[in-house]
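Reader: I like to see how each label is earned before I trust it. Could you take me through the reasoning behind the terms used for this protein?

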Amino acid sequence: MNQEAMQLALQRAEHVFSRHPGAAKLQMIARATVRDGMRCEFSEDDWRFVADMPEALGGTATGPTPSTFVRAALGTCLAIGYSMRAAYLGVPIRGVEVELQVDADLRGMFCGQAEVPNYSRLAYLVSFDSDAPESDLQRVLDEADERSPYLQLFRKSLSVSRTMRVVPTAAVA
């Protein structure tokens with residue numbers, strides 16, 4: 001989809017959501033299921049993913065780690081958000097790349113020697129393929145970052161709740 005078509009779609013969505021706020025609200029159900037070792041199958045709607053841990057940590061390395069998916073969610077959310085905001089603002093870009101850099105300490109997961117969360121630093125480098133003025137690209141970055149749901153997960157706390165249920169083995173299919 002070209003930037004003009006993206007811009008029209010985004011403007012249409014903004015118009016609908018401003019008139020009908022309920023249309024912008026989503027409730028999703030996602031499931032992560034471990035049946036053998038550490039191999040975890042994730043599903044949401046028609047999407048299916050597998051996560052696992054490296055063999056050195058007891059897994060079978062049949063999929064990326066959960067941390068890889070966290071970084072993928074953040075990196076793709078940022079990159080897509082910059083593309084969306086550039087289209088919305090009419091700032092011409094041919095492409096955008098986000099490079100994430102993290103420092104993590106895994107000891108907290110295993111031996112309680114480090115504080116959780118184990119990420120101590122998160123930085124990202126955004127590269128644009130564009131002839132637009134830097135001030136326009138900076139506006140794209142600033143506005144998109146403020147609207148990024150996954151960047152906000154790293155910046156702000158949110159209400160989290162937990163419930164438990166026990167399902168007898170015969171009921172697990």
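Author: Gladly, and let me begin with a cut-off: a residue counts as buried under 20% relative accessible area, as exposed over 50%, and as partly exposed in between. Keep in mind that this is a predicted model.

Reader: Thanks. Why is Phe42 called partly exposed?

Author: The relative accessible area of Phe42 is 30%. Partly exposed is the class between under 20% and over 50%, so Phe42 with its 30% is partly exposed. Phe42 is found in strand β2.

Reader: Which residues does Phe42 touch, leaving out those up to four places away in sequence?

Author: With that exclusion, Phe42 touches Ala30, Arg31, Ala32, Trp47, Arg48 and Phe49. A contact here means heavy atoms within 4.5 Å.

Reader: What makes β1 and β3 the edge strands?

Author: The open sheet has three strands in the order β1-β2-β3, with antiparallel pairing. Its edge strands, β1 (31-36) and β3 (47-51), each pair on one side only. On average, neighbouring strands of this sheet are turned by 25 degrees against each other, direction ignored.

Reader: How do you know that β1 and β2 pair?

Author: Two strands pair if DSSP finds at least two bridges between them. Between β1 and β2 (residues 39-44) there are five bridges in the antiparallel sense, so the requirement of at least two is met. Across this pairing, Val34 stands opposite Cys40 in β2.

Reader: Let's turn to the helices. Why is α1 described as roughly perpendicular to α2?

Author: Helix α1 (residues 3-19) and helix α2 (residues 66-89) pack at an angle of about 90 degrees, and their axes are 8 Å apart. Angles of 65 to 115 degrees count as roughly perpendicular, which makes α1 roughly perpendicular to α2. The α1 side of the contact includes Met6 and Leu10, while the α2 side includes Met84 and Tyr88.

Reader: And the whole chain: how many helices and strands does the protein have?

Author: There are five helices and five strands. From the N terminus on, the elements run α-β-β-β-α-β-α-β-α-α.

Reader: What makes you say that the protein is more spread out than a compact globule?

Author: The globule rule gives 16 Å for 173 residues, whereas the radius of gyration is 20 Å, well over that value, so the protein is more spread out than a compact globule. Along its principal axes, the C-alpha trace spans about 55 × 35 × 30 Å. Of the 173 residues, 21% count as buried.

Definitions and conventions: Residues numbered from 1 in each chain as written. Predicted model: local features only at pLDDT ≥ 70, side-chain atom pairs only at ≥ 80, totals over all residues. Heavy atoms only, no water. Helix = DSSP H or I, 4+ residues; strand = E, 2+ residues; numbered from the N terminus. Axes fitted to C-alpha atoms, helices over the stretch in contact; angles between N-to-C directions. Rg over C-alpha atoms; globule rule 2.2 N^0.38 Å. Buried < 20%, exposed > 50% of the residue type's maximum accessible area, 1.4 Å probe, protein only. Parallel < 35°, antiparallel > 145°, perpendicular 65-115°, else oblique.
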